[in-house]
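Let's take a friendly walk through a protein, starting at one residue and working outward. Keep the sequence and the 3D view open as you read.

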Amino acid sequence: MSSGTRARGLVAALVGSTSLAVVLGGCGASARRDAPRRLASVASPASVTTSASAPAPPAAIPATPAVTALQAAITRQLALAGPDTGALVYDLTAHRQLFALRGAVKRPPASVEKLYTSVAVLDRLGPGARFHTAVLGAGHLGPGGVWHGDLYLRGDGDPTFGDGAFNRIWENGYGPTAEQLAAKLGARGIHRVTGLVIGDPSLFDAKRGGPSSGFAADVPDMGGQLAGLTYDHGAALRRLSPGAFAARELMLTMRGAGIRSKAAKFTGRTPPDADTLASVSSPPTAVLLKLTDVPSDDFFAEMLTKRLGVQFGSGGSTAAGAAVIAGAIAERGVHPQIVDGSGLSRKDRSSPLE
């Protein structure tokens, strides 16, 4: 847009069942492993706000040369895109609608869906919430730094937990690491574990993907598999689930730190009487949303959706989280059809006006 249209004060919403498949269909984690992401500075919690008030009714569209040129340019582009598209342009400064074409027609919004997810995260969790990945011990520490029993690596739905080098490249240096957990275990005097290191992903359900893949693993779009405990963006091996893979990576890191241990190839629930031995925290949700929205990361969006379901819905499922998102958006007078948090599903429905 030209400076005459005051681009900083405009918001454009476009939804198209065909054109956005080209524009937004590639947005998400499938592209994340081709190049490191670069983000703008992360907003502080104090600067992140949400508003429950609905937009002001649109004023009359001004017949200025700049607006006329804007309308003509968008009309030409939508004509090329075809009838299965829609758009609306609103001037946030002047509180004016400048353009609308099929603005009330609901279509799959693709990655614009992540804006609804972000509003729900900020509204329900707040910008400063953190998720905690912990090592808990079922046993006791004996002489010589020997832990007699098993260790459980319990996930809290943090999408950033992983290897330090991976996080520096792919998460802009954000996210807790297995190295930090191993160092804390060493600081407690643990030098050997007689039992197993077992991953606990039980916070979420066992579905590795979202509705768009029939809840099967969808690595091409998400760049990883969903679970309550993940490592390096939901990485897994052929015979190891994301939770078991995370436990294996922690075990290898512990060995590198001088702590002898073995990892289980299975996952399990942490015993209720296990003691917390070490814990690390995710970045605040304000940062998680930067990592989600700026590169349009489908994996992060779906992890946050399930996390909303755990804390404010019926459990750690996509459906539970989507219901929480829909409720948060409905409080603002907007009623899209939300079935996931990323927009990958073609059953999501929203209009440019919404």
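Asp158 is a good place to begin in this predicted model. Setting aside its neighbours within four places in sequence, Asp158 is in contact with Phe131, Thr133, Pro176, Thr230, Ser282 and Met303. Asp158 itself sits in the loop between β5 (146-154) and α4 (164-170).

Which side chain of opposite charge is nearest to Asp158? It is Arg130, at 8.8 Å. A salt bridge needs a side-chain nitrogen of Lys or Arg within 4 Å of a carboxyl oxygen of Asp or Glu, so the distance to Arg130 is too long to count. Asp158 is therefore a buried residue with no salt bridge. Its side chain does have a polar contact, though: 2.7 Å joins it to the side chain of Thr160.

**A helix tucked inside**

Thr160 and Ser282 lead us on to another residue, since both are also touched by Leu288. Not counting residues up to four places away in sequence, the contacts of Leu288 also include Phe131, Pro159, Pro283, Phe300 and Leu304. Between Leu288 and Leu304, which are 16 residues apart along the chain, the C-alpha atoms are separated by 8.8 Å.

Leu288 is found in helix α8. Is Leu288 buried or exposed? Its relative accessibility is 0%, so Leu288 counts as buried. Much of the helix shares that setting: 7 of the 9 residues of α8 (residues 285-293) are buried, which means that α8 is largely enclosed by the rest of the structure. Those buried residues are Thr285, Ala286, Val287, Leu288, Leu289, Leu291 and Thr292. What covers them? The cover includes α3 (113-125) and α9 (298-312).

**Strands side by side**

Now look at the strands, beginning with β5, the strand before the loop of Asp158. On one pairing, strand β4 (residues 132-142) and β5 run antiparallel over 9 bridges. Here Gly139 stands opposite Gly149 in β5. The two strands form a hairpin with 3 residues between them, and Gly144 in the turn has a positive phi of about 75°.

β5 also pairs with strand β6 (residues 192-200), this time in the parallel sense and over 6 bridges. In that pairing, Val146 stands opposite Arg192 in β6. From β6 you can step across to strand β7 (residues 260-267), which runs parallel to β6 and is joined to it by 4 bridges. Leu196 has Lys262 as its bridge partner in β7. While you follow these strands, a general point may help: in a regular strand the side chains alternate between the two faces of the sheet.

**Charged partners**

How many salt bridges does a search of the whole structure find? It finds 8. Here are three of them.

| Salt bridge | Closest N to O distance |
|---|---|
| Asp123 and Arg332 | 3.1 Å |
| Asp156 and Arg307 | 3.2 Å |
| Arg248 and Glu249 | 2.6 Å |

The salt bridge between Asp123 and Arg332 links distant parts of the chain: Asp123 is in helix α3, while Arg332 is in the segment after α10 (318-330), 209 residues apart. Asp123 is partly exposed, because its relative accessible area is 30%. Arg332 has 12% relative accessibility, so it counts as buried. Both residues belong to a network of salt bridges that links Asp123, Arg124, Glu331 and Arg332.

The salt bridge between Asp156 and Arg307 also spans distant parts of the chain: Asp156 lies in the loop between β5 and α4, and Arg307 is in helix α9, 151 residues apart. Asp156 counts as buried because its relative accessibility is 15%. Arg307 is buried too, at 8%.

Arg248 forms its salt bridge with Glu249. Arg248 counts as partly exposed because its relative accessibility is 30%, whereas Glu249, at 16%, counts as buried.

**Stepping back**

Finally, zoom out to the whole protein. It has 10 helices and 8 strands. Of its 354 residues, 49% are buried. The accessible surface comes to about 15600 Å², and 56% of that belongs to carbon and sulfur atoms. Among contacts between residues at least 6 apart in sequence, 72% join residues at least 24 apart.

Definitions and conventions: Residues numbered from 1 in each chain as written. Predicted model: local features only at pLDDT ≥ 70, side-chain atom pairs only at ≥ 80, totals over all residues. Heavy atoms only, no water. Buried < 20%, exposed > 50% of the residue type's maximum accessible area, 1.4 Å probe, protein only. Contact = heavy atoms within 4.5 Å. Lys, Arg positive; Asp, Glu negative; His and termini not counted. Polar contact = N/O pair within 3.5 Å; in protein donor to acceptor, adjacent residues only side chain to side chain. Areas by Shrake-Rupley, 256 points an atom, 1.4 Å probe, with all protein chains shown as cover. Pairing = 2+ DSSP bridges.
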